[in-house]
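Let's take a walk through a protein model together. Keep the sequence and the 3D view open, and look up each residue as we come to it.

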Amino acid sequence: MTPCAVTTGFFTLGKCGRMAVAGCPSCGRAICADHIADGGLCPECAAARNQLSHPAAAAARRRRAYRQRSSEQYADAVWYTGFDTYDRAAFDPGAGASQDYLDDGDDALVDS
């Protein structure tokens, strides 16, 4: 089974992880029964269409609005799009094997 790929959280983002029951007709993202918004859309696609009746869609809209406001406030419209895979890998638990985020032992130079 495919896990739900809906982003949850605000300060600490993560994937839902429950078993998906459908796919979003707009983007194809796997979604569980708890995250299906009006029209079978995922919360992010529902928020993009201003269909905010589902709580997860409203949360997605607030995250989107926060990122937009903060990029305007700091005059940096590409802040959230400027990260590359190396930057994002620190937040991906499975990326440790390909990046230098694993524990190298007590004698390692940079480990904290």
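How many salt bridges does the structure hold? There are three, where a salt bridge is a side-chain nitrogen of Lys or Arg within 4 Å of a carboxyl oxygen of Asp or Glu. The background is simple: side chains of opposite charge can pair when their charged atoms come close.

Before we visit them, a word on the ground rules. This is a predicted model, in which local features need pLDDT of at least 70 and side-chain atom pairs count only at pLDDT 80 or more, while totals for chains, interfaces and linings use all residues. Residues are numbered from 1 along each chain as its sequence is written, and side-chain values use heavy atoms, with hydrogens and water left out.

Now for the overall layout. The protein chain has three helices and four strands; these are DSSP runs, numbered from the N terminus, with H or I and at least four residues for a helix, and E and at least two for a strand. Starting at the N terminus, you'll meet them in the order β-β-β-β-α-α-α. Of the chain's 112 residues, 26% count as buried. Here buried means under 20% relative accessible area, exposed means over 50%, and partly exposed is in between (1.4 Å probe, protein chains only). The chain exposes about 7900 Å², and carbon and sulfur atoms supply 54% of that; the areas come from the Shrake-Rupley method with a 1.4 Å probe, and for residues only the protein chains shown count as cover.

Let's start with the salt bridge between D34 and R18, whose closest N and O atoms are 3.0 Å apart. This pair links distant parts of the chain, 16 residues apart: D34 is in the loop between strand 4 (30-31) and helix 1, and R18 is in the loop between strand 2 (14-15) and strand 3 (22-23). D34 counts as partly exposed at 45% relative accessibility, and R18 is partly exposed too, at 44%.

Next, find E44 in helix 1. Is E44 buried or exposed? E44 counts as buried, because its relative accessibility is 17%. Its side chain meets that of R29 in a salt bridge of 2.8 Å, N to O. R29 lies in the loop between strand 3 and strand 4 and E44 in helix 1, so the pair ties together parts that are 15 residues apart in sequence. R29 itself is partly exposed, at 26%.

E44 has another partner: the side chains of E44 and R63 form a salt bridge at 3.5 Å, N to O. This pair also links distant parts of the chain, with E44 in helix 1 and R63 in helix 2, 19 residues apart. Both E44 and R63 are buried. Put these bridges together, and shared partners join R29, E44 and R63 into one network. Leaving aside neighbours within four places in sequence, E44 is in contact (heavy atoms within 4.5 Å) with V6, T7, R29, A60, R63 and R64.

One last stop is N50, in the loop between helix 1 (43-48) and helix 2 (55-73). What is the phi of N50? It is positive, about 60°, although N50 is not a glycine. For comparison, most residues other than glycine have a negative phi. N50 counts as exposed, because its relative accessible area is 55%.
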